[in-house]
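Here are my notes on this one, as numbered points. Have the coordinates open while you read.

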Amino acid sequence: MSFLILILPLTYLLCFYSVASGDDILVSFPNTLKLGISNNVVVYLNSNSDQEVFVEAYHVDNRVAMTNKAVLSGNSTTLSLEIDANDIEMESGDSPCNGNVNLLVTCPALELRREVTVSLDCSGVSVFIFTDKPVYTAGQTMTLRVSCLDWNLTAYPEEVTIDIKNPQGIFVMRWTRATTRRGMIDKTFRIDDEPQLGLWTITVYPGSNSKAMPLGNATFEVMEYVVPRFGVSIHCPDYITNSTETFNVTVEAK
């Protein structure tokens, strides 16, 4: 048996292959599971016979939080995993929002088994942060847009706090009581004339509590301004005569 794990920006992709039978399984699921709502796990089986595929989520002490299975034969199906916060046993009294669960995918008949660790999110909010460009220099103005959607893909009705921190982790701008009820949050931020160079962070928090678990974050880079340098060179014959009717000239710009 062999397997491959691809970690995409939002998705895990597990690929199993059984050398003995030639069967293979493809499993796709989010890299963050949300508590209290249905999380979709897509399973595709390439096999000549019916096979049972199990998907199980569990936490510390091997306590099972949710399990589901499907019988597949050369087709795909979507399994639903809905994890309740009460089913998650945390260590040291931590909140489920700060924890992880192990997701186990097995096909006993083909002896295929793989386990990965995924994070938990109890906010139920997806945050999208956009800037007009990824890199800025001193004195430039950044245009920022933030969109918050709940699990039903409707506008998040609650207020949020948006922080901008420099590479040293010191916040230099904060907007409170911002809301996306009408769609997007639009803000502008001017980079200092002598800013800290490096990666800056934009963080979105629920309500007005910047110490709460962040709903989302993004980064942008501030770099030193370098004056553009251009060069132009012209290549032509060393000489021409009265009988020369045409000649070639090459112009190069760098």
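1. Surface first. The protein chain exposes about 15300 Å², and 49% of that is supplied by carbon and sulfur atoms. Keep in mind that this is a predicted model. Of the 254 residues in the protein chain, 34% count as buried.

2. On secondary structure, the tally for the protein chain is zero helices and 20 strands. As for contacts in the protein chain with a separation of 6 or more, 50% of them come from residues 24 or more positions apart.

3. The sheet I'd look at is an open one with five strands, in the order β12-β18-β17-β14-β15 and with mixed pairing. Its edge strands are β12 (135-136) and β15 (171-178), each of which pairs on one side only. As a reminder, strands of a sheet pair through backbone hydrogen bonds, and they can do so parallel or antiparallel.

4. Now to one end of that order. Strand β14 (residues 160-165) and β15 run antiparallel, joined by five bridges. For a landmark, find Val160, which stands opposite Ala178 in β15.

5. The loop between β14 and β15 holds Pro167. What does Pro167 touch, leaving aside residues up to four places away in sequence? The list is Gln196, Leu197, Gly198, Leu199 and Trp200. Take Gly198: Pro167 is 31 residues from Gly198 in sequence, yet their C-alpha atoms are 5.9 Å apart in space. Despite those contacts, Pro167 is partly exposed, because its relative accessible area is 38%, between the 20% and 50% cut-offs.

6. Next, the aromatics. A search of the whole structure gives three aromatic pairs. Tyr136 and Phe220 make one of them: the ring centres are 5.6 Å apart and the planes stand at 85 degrees, so this pair is edge-to-face. Tyr136 sits in strand β12 and Phe220 in strand β18 (residues 216-222), so the pair ties together parts that are 84 residues apart in sequence. Are these two residues buried or exposed? Tyr136 is buried, with a relative accessible area of 0%, and Phe220 counts as buried too, at 1% relative accessibility.

7. Another pair is Phe189 with Trp200, and this one is tilted, at 6.2 Å centre to centre with 50 degrees between the planes. Phe189 lies in strand β16 (residues 185-190) and Trp200 in strand β17 (residues 198-206), so here the parts tied together are 11 residues apart in sequence. Both Phe189 and Trp200 are buried. Trp200 is also one of the residues that Pro167 touches, which links this point back to the loop between β14 and β15.

8. Putting the rings together: Tyr136, Phe189, Trp200 and Phe220 form one aromatic cluster. When you check it, start from Tyr136 in β12 and Phe220 in β18, then move on to Phe189 in β16 and Trp200 in β17.

9. Last, back to the outside. Which residues form the nonpolar patch on the surface? They are Val232, Ile234, Ile240, Phe247, Val249 and Val251, with about 600 Å² of accessible area together. Val232 belongs to strand β19 (residues 232-235). Val232 counts as exposed because its relative accessible area is 62%, over the 50% cut-off.

Note on methods: Residues numbered from 1 in each chain as written. Predicted model: local features only at pLDDT ≥ 70, side-chain atom pairs only at ≥ 80, totals over all residues. Heavy atoms only, no water. Pairing = 2+ DSSP bridges. Helix = DSSP H or I, 4+ residues; strand = E, 2+ residues; numbered from the N terminus. Buried < 20%, exposed > 50% of the residue type's maximum accessible area, 1.4 Å probe, protein only. Contact = heavy atoms within 4.5 Å. Areas by Shrake-Rupley, 256 points an atom, 1.4 Å probe, with all protein chains shown as cover. Patch = residues over 30% accessible without salt bridge, like charges linked within 9 Å, V, L, I, M, F, W, Y side chains within 5 Å. Salt bridge = Lys/Arg side-chain N within 4 Å of Asp/Glu carboxyl O. Phe/Tyr/Trp six-rings, centres within 6.5 Å; stacked < 30°, edge-to-face > 60°.
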